[in-house]
Amino acid sequence: VQLQASGGGLVQAGGSLRLSCAASGRTFSSYVMAWFRQAPGKEREFVAAIRWSGGRTWYADSAKGRFTISRDNAENTVSLQMNSLKPEDTAIYYCAAALAYTVVPGGYNYWGQGTQVTVSS
């Protein structure tokens, strides 16, 4: 089982980035896919999640109105469109998969390797 995150980079405040998570090795149709992030010296925190079957979504308050999570069944990918980025969004972003929705990192069975997002002021 592999989750491969990509799309991070350096962007100015107010800019946009699109992260992608390619899932392989098993069928994730019954899973919830999520994005977490971890800034230096801070705990890993929930950003957004989507139920692969049906497409229900959840967002952290910090992501609402700025970030959009989506999935592409044909490509087996989950994306996170991030707009109006702020310096406080700077972190390593991880994709993860779980059998049920939770905002707790420990509830996720599979993790990608992370992709760095840096937002300059």
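How far apart are the mean positions of the positive and negative charges of the chain? They sit 5 Å apart, with 11 positive and 7 negative charges counted. Here Lys and Arg count as positive and Asp and Glu as negative, while His and the chain ends are not counted. Each charge is placed at NZ of Lys, CZ of Arg, CG of Asp or CD of Glu.

A note on the views: this is a predicted model, where local features need pLDDT of at least 70, side-chain atom pairs count only at pLDDT 80 or more, and totals for chains, interfaces and linings use all residues. Residues are numbered from 1 along each chain as its sequence is written, and side-chain values use heavy atoms, with hydrogens and water left out.

**View 1. The whole chain, with eleven strands and zero helices.** From the N terminus on, the elements run β-β-β-β-β-β-β-β-β-β-β. Helices (H or I, at least four residues) and strands (E, at least two) are DSSP runs, numbered from the N terminus. The C-alpha atoms fill a box of roughly 40 × 30 × 25 Å along the principal axes. The radius of gyration is 13 Å, which agrees with the value near 14 Å for a compact globule of 121 residues. That radius is taken over C-alpha atoms, and the globule rule is 2.2 Å times the number of residues to the power 0.38.

**View 2. Inside and outside of the chain.** Of the 121 residues, 40% count as buried. Buried means under 20% relative accessible area, exposed means over 50%, and partly exposed is in between (1.4 Å probe, protein chains only). The chain exposes about 6000 Å², and carbon and sulfur atoms supply 46% of that area. The areas come from the Shrake-Rupley method with a 1.4 Å probe; for residues, only the protein chains shown count as cover. Now for the contacts with a separation of 6 or more: residues 24 or more positions apart account for 55% of them. A contact means heavy atoms within 4.5 Å.

**View 3. Asp89 and its two arginines, Arg37 and Arg66.** Side chains of opposite charge can pair when their charged atoms come close. The whole structure has four salt bridges, each being a side-chain nitrogen of Lys or Arg within 4 Å of a carboxyl oxygen of Asp or Glu. In the pair of Asp89 and Arg37, the closest N and O atoms are 2.9 Å apart. Asp89 lies in the loop between β8 (77-82) and β9 (91-98) and Arg37 in strand β4 (residues 32-38), so this salt bridge ties together parts 52 residues apart in sequence. Both residues, Asp89 and Arg37, are buried.

Asp89 also forms a salt bridge with Arg66, where the closest N and O atoms are 2.7 Å apart. Arg66 is in the loop between β6 (57-59) and β7 (67-72), 23 residues from Asp89, and the pair links distant parts of the chain. Arg66 is buried, as is Asp89. Shared salt-bridge partners join Arg37, Glu45, Arg66 and Asp89 into one network.

**View 4. Asp61 and Lys64, a salt bridge between exposed residues.** The N to O distance here is 3.2 Å. Asp61 and Lys64 are both exposed.

**View 5. Phe36 in strand β4.** Phe36 is buried, with a relative accessible area of 0%. Its C-alpha atom is 8.4 Å from that of Ile92, and the two residues are 56 apart along the chain.

**View 6. Two loop residues with positive phi, Asn76 and Ser84.** Most residues other than glycine have a negative phi. Asn76 has a phi near 55° and sits in the loop between β7 and β8. Its relative accessible area is 24%, so Asn76 is partly exposed. Ser84 has a phi of about 50° and is found in the loop between β8 and β9. At 41% relative accessibility, Ser84 is partly exposed.

**View 7. Tyr101 in the loop between β9 and β10 (110-111).** Tyr101 is partly exposed, at 31% relative accessibility. Not counting residues up to four places away in sequence, Tyr101 touches Val32, Phe46, Ala49, Trp58 and Tyr108. Ser84 is 17 residues from Tyr101 in sequence, and their C-alpha atoms are 26 Å apart.

**View 8. Ser70 in strand β7.** Ser70 is partly exposed, at 26% relative accessibility. Leaving aside neighbours within four places in sequence, Ser70 is in contact with Arg18, Ile50, Thr77, Val78 and Ser79. Arg56 is 14 residues away along the chain, with 9.5 Å between its C-alpha atom and that of Ser70.
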